[in-house]
Amino acid sequence: MGANLPKVVVLRWGHRLRDERVTTHVALTARALGAAGIMLTDVKDEKIRATLSEVVQNWGGTFFFQIGTSFKKAMKCWKAEGGMVVHLTAYGENIEASNVMERIHATGRDLLVMVGSRKVPAEFFSREISDFNVAVGNQPHSECSSLAVFLDRFFNGKELVNEFENARLEIIPQKHGKKVLSRGRA
Ligand SMILES: C[S@@+](CC[C@H](N)C(=O)[O-])C[C@H]1O[C@@H](n2cnc3c(N)ncnc32)[C@H](O)[C@@H]1O
């Protein structure tokens, strides 16, 4: 993707220790679909840190993860640096039926994309927190599916051919079967 594209970071709100699998899937989605990193606020989950660290070592790239910062602090820093906040919610402006994506692109600013897990606080819908409330359709589904569709539309599909530098493992696409290139540790 072009170097001049805004940076996209994902914030997963409301993670509980029993949400480990879903949060890991949110992080894998974020990484594979072009986000620069993920913040997991207000909790420390060492298992997730270890899983993500292993994924980045094996599959390459520079994806960062910040775990345990307070939500308020993360939000304050992000906004102080000029970043914008997009909250993915079934209650927001429909990504297909409205021009919300054009308006987001037009800002040209770095983007913090917030997804929930359990019910999010009402203040998340306010202007003070979210510059845009975006619905990937107005039916409830999941943080992974909404994030995947949002990122793919934001990057216009270009993120799907991103190169991940310094990978130990690389999939060589095949019509049939599986081929993985393995470069041992340096
Ligand atoms: C499984 S949902 C939890 C919903 C929660 N039970 C509630 O009532 O708000 C988890 C997250 O998925 C995302 N999500 C679910 N459906 C969505 C949609 N249609 N559009 C955008 N995001 C959606 C939101 O970020 C939401 O916080």
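Below are legends for several close-up views of one predicted model.

Residue numbers start at 1 in each chain and follow the sequence as written. Because this is a prediction, local features need pLDDT of at least 70 and side-chain atom pairs count only at pLDDT 80 or more, while totals for chains, interfaces and linings use all residues.

**View A. The shell around the ligand.**
Here we look at the 17 residues that surround the ligand; a residue is near a molecule or strand if its C-beta atom, placed from the backbone, lies within 6 Å of it. The closest are Leu88, Ala90, Val115, Gly116 and Ser146. Strand 4 (84-94) and helix 5 (143-154) each chip in at least two shell residues, and the largest share, three residues, belongs to strand 4. Helices (H or I, at least four residues) and strands (E, at least two) are DSSP runs, numbered from the N terminus. By type, the shell splits into seven nonpolar, eight polar and two charged residues. For that split, Ala, Val, Leu, Ile, Met, Phe, Trp, Tyr, Cys and Pro count as nonpolar, Asp, Glu, Lys and Arg as charged, and the others, Gly among them, as polar.

**View B. The largest nonpolar core.**
This core holds 33 residues, and those with the most contacts inside it are Val10, Leu88, Val113, Met114, Leu147 and Phe150. The elements giving two or more residues to this core are strand 1 (8-12), helix 1 (20-32), strand 2 (37-40), helix 2 (46-59), strand 4, strand 5 (111-115), strand 6 (132-135) and helix 5. Strand 5 gives the largest share, five residues. A nonpolar core is a set of buried Ala, Val, Leu, Ile, Met, Phe, Trp, Tyr and Cys residues joined through C-beta atoms within 7 Å. Buried means 20 or more other C-beta atoms within 10 Å of a residue's own, exposed means 12 or fewer, and partly exposed is in between, with C-beta atoms placed from the backbone.

**View C. Phe150, Val136 and Val149.**
Leaving out neighbours within four places in sequence, Phe150 is in contact with Leu88, Ile95, Val113, Val134 and Val136; contact means that the two C-beta atoms, placed from the backbone, lie within 7 Å. Val136 sits in the loop between strand 6 and helix 5 and counts as buried, with 21 C-beta neighbours inside 10 Å. With the same sequence neighbours left out, its contacts are Leu88, Ile95, Ser146, Val149 and Phe150. Val149, in helix 5, is partly exposed, with 18 C-beta neighbours inside 10 Å. Val149 and Thr24 are 125 residues apart in sequence and 17 Å apart in space, C-alpha to C-alpha.

**View D. Helix 1 against helix 5.**
These two helices pack at an angle of about 5°, with their axes 9 Å apart, and are therefore roughly parallel to each other. The contact is made by Val22, His25, Val26, Thr29 and Ala30 of helix 1 and by Glu143, Cys144, Leu147 and Ala148 of helix 5. Six of the contact residues are nonpolar, two polar and one charged. Axes are lines fitted to C-alpha atoms, for helices over the stretch in contact, and angles run from 0 to 180 degrees between N-to-C directions. Angles under 35 degrees count as roughly parallel, over 145 as roughly antiparallel, 65 to 115 as roughly perpendicular and the rest as oblique.

**View E. The loop between strand 2 and helix 2.**
Thr41 lies in this loop and is buried, with 20 other C-beta atoms within 10 Å. Setting aside residues up to four places away in sequence, Thr41 touches Leu11, Trp13, Thr69, Ser70, Phe71 and Ala74. The C-alpha atoms of Thr41 and Gly14 are 7.6 Å apart, although 27 residues separate them along the chain. Asp42 is in this loop too, and is partly exposed, with 16 other C-beta atoms within 10 Å. Asp42 isn't a glycine, yet has a positive phi of about 65°. Most residues other than glycine have a negative phi.

**View F. The loop between helix 5 and strand 7 (169-171).**
Asn166 is found in this loop and is exposed, with 12 other C-beta atoms within 10 Å. Asn166 also has a positive phi, about 60°, without being a glycine. Glu163 belongs to this loop as well and counts as exposed, with 9 C-beta neighbours inside 10 Å.

**View G. Helix 3 and the glycine after it.**
Helix 3 (residues 71-80) is hardly covered: among its 10 residues, the count of buried ones is one. Gly82 follows helix 3 and has a positive phi, near 90°.
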